[in-house]
Amino acid sequence: MARSPAVLALLLICRAQEWDHLFDESTQAVDRRMQALPDGFEINETLNGSIPLTVIPSWDVFLAFSDREKFIKGRMSIATIYGEEATTFVTNPENMVDVVNFGSGSGDISVLSSLRLWDPKTGKQATSVSKTYVGQFSQSLYSYDLSCYPFDVKTMHFEIALQKPCGIFYRLVLGCAGEGSIPTIGQDGVVECSWPINASYVNFDWDYFTCKLQNSATITCAMTGTRHWAALLKTYIWPSIIYGLMGFLAFTLGVKLAMPRVATTMLALLSLTNLRNQVIGLLPTTDSASWMEEYFLIAISFMLLNLLGHAASFHLDASGRHHTQKMMNKFNLWGVFSVFVLVVLVRLHTRNCPLIDPTISLTMTLLAALVSLSIVLFLVWYHRQAFREATHKLTHSVASARGSFHDDNV
């Protein structure tokens, strides 16, 4: 059906407005990217970020890991594929793709190979260049929580980005290739790709190396690892339990053996302090302490309570209050020890650590609370004679004080 000239003119005006709107958006996008250039410099012609650079990242080797320095050390490879038009502005476009958090002063960046390819979609030649990063990848720019150490899970982050102002004419495309690769396809192609690791390295169990296309200039990669906490428990926690038991078992020695009792507790205190210093050397200095640091602080504090318990026992024995002194020994040996276990479990449960089942930790905490209460009640009943002795001593002291006050008034 024929259309009138007025209708055709109206359609042309509407289409022209749409073109103007698209042109304005394109111009504004270019202007924003041009802000990355220093004053006085400009690029004469641009392709408005239309030249694709296909990036295929991969994590190849684990070398080291440090909580204190917040880095993971290893080898990362990046294959960059581009067409002939990519060399219009840059001689080596692969050098414009960079890993932002690669921060090793002793690391190495090298180009392994350059391969000529044929792109059937464009009917033109393409180039594939592989570049490797060997060294430390800093994690200081990302959240790094150690509150549950050593019962924690760590996620390592890597940011692949175009160097400014290359976003004016290049755009990143995420490639997904290699053995076991798992792509996630979106409207514009691959938006996410995962490569299985499923192995243990640098004291962690790693699952997948996953990369996501964030925007036309940034690709973020991450891999999550579960810490081998058993090795740390054998190295630090088990010796600390032995030292702690030494400090509590000192109350089984006779009250006349003052020197061995105090020496045993002091040895336990110094050994726990030395272990804590070793743990601090593994972790960064932060305002919030990890569970393991807090555990050693609690253990050291209870060793101080043991020293005060020894002093109280010696004083009671010298005062002739033998029943009370025996009760003090038993209370420090069993009562204080059960409270120590309870405090440690409570602090572990309240942190909601990912490797600790909350049901199990809550059950253990309630059981420890029941045991502590039972021990205290039993000691109060078993040493009721000590309370009679204490009551008699207190009554005698009050009576003496009243008698002295009466004599002074007379």
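Visitor: How far apart are the end C-alpha atoms of residues 360-382?
Guide: Residues are numbered from 1 along each chain as its sequence is written. This is a predicted model, in which local features need pLDDT of at least 70, side-chain atom pairs count only at pLDDT 80 or more, and totals for chains, interfaces and linings use all residues; side-chain values use heavy atoms, leaving out hydrogens and water. The span 360-382 is 100% helix and 0% strand, where helices (H or I, at least four residues) and strands (E, at least two) are DSSP runs numbered from the N terminus. The end C-alpha atoms of residues 360-382 are apart by 32 Å.

Visitor: Where does UniProt place the feature "transmembrane region"?
Guide: UniProt positions follow the numbering used here, feature names are shortened, and annotations may be inferred rather than shown by experiment. The record is an unreviewed entry, and it places this feature at residues 236-255, 331-348 and 360-382.

Visitor: What is the end-to-end C-alpha distance over residues 331-348?
Guide: This stretch is 100% helix and 0% strand. From one end C-alpha atom to the other, residues 331-348 cover 25 Å.

Visitor: Helix α5 has 29 residues, so what distance should it span at 1.5 Å a residue?
Guide: The expected span is 1.5 Å times one less than the number of residues. In α5 (residues 322-350) the end C-alpha atoms are 41 Å apart, which agrees with the expected 42 Å.

Visitor: On which residue is the kink in α5 centred?
Guide: A bend is the angle between axes fitted to the seven residues ending at a residue and the seven starting there. In α5 the kink is about 35°, and its centre is F331.

Visitor: At what angle do α2 and α5 pack?
Guide: Axes are lines fitted to C-alpha atoms, for helices over the stretch in contact, and angles run from 0 to 180 degrees between N-to-C directions. The axes of α2 (residues 229-249) and α5 are 9 Å apart, and the angle is about 145°.

Visitor: Which residues in α5 do L245, F248 and L249 in α2 meet?
Guide: Contact here means heavy atoms within 4.5 Å. On the α5 side, the residues met by L245, F248 and L249 are N332, L333, V336, F337 and F340.

Visitor: What is the order of strands in the open sheet?
Guide: Two strands pair if DSSP finds at least two bridges between them. The sheet has six strands with antiparallel pairing, and its edge strands, each pairing on one side only, are β3 (97-99) and β8 (182-186). On average, neighbouring strands are turned by 20° against each other, direction ignored. The order is β3-β6-β11-β10-β9-β8.

Visitor: How many bridges join β10 to β11?
Guide: β10 (residues 204-215) and β11 (residues 218-227) run antiparallel. As one example to look at, W206 stands opposite G225 in β11. The number of bridges joining β10 to β11 is nine.

Visitor: Which residue in β6 is the bridge partner of V99?
Guide: Three bridges join β3 to β6 (residues 153-162), and the two strands run antiparallel. Within β6, V99 is partnered by I160.

Visitor: Which peptide bond is cis, with omega near 10°?
Guide: Look in the loop between β5 (124-138) and β6, where P150 is found. The cis bond runs from Y149 to P150.

Visitor: What is the phi of N198?
Guide: N198 is placed in strand β9 (residues 189-201). This residue is not a glycine, yet its phi is positive, at about 45°.
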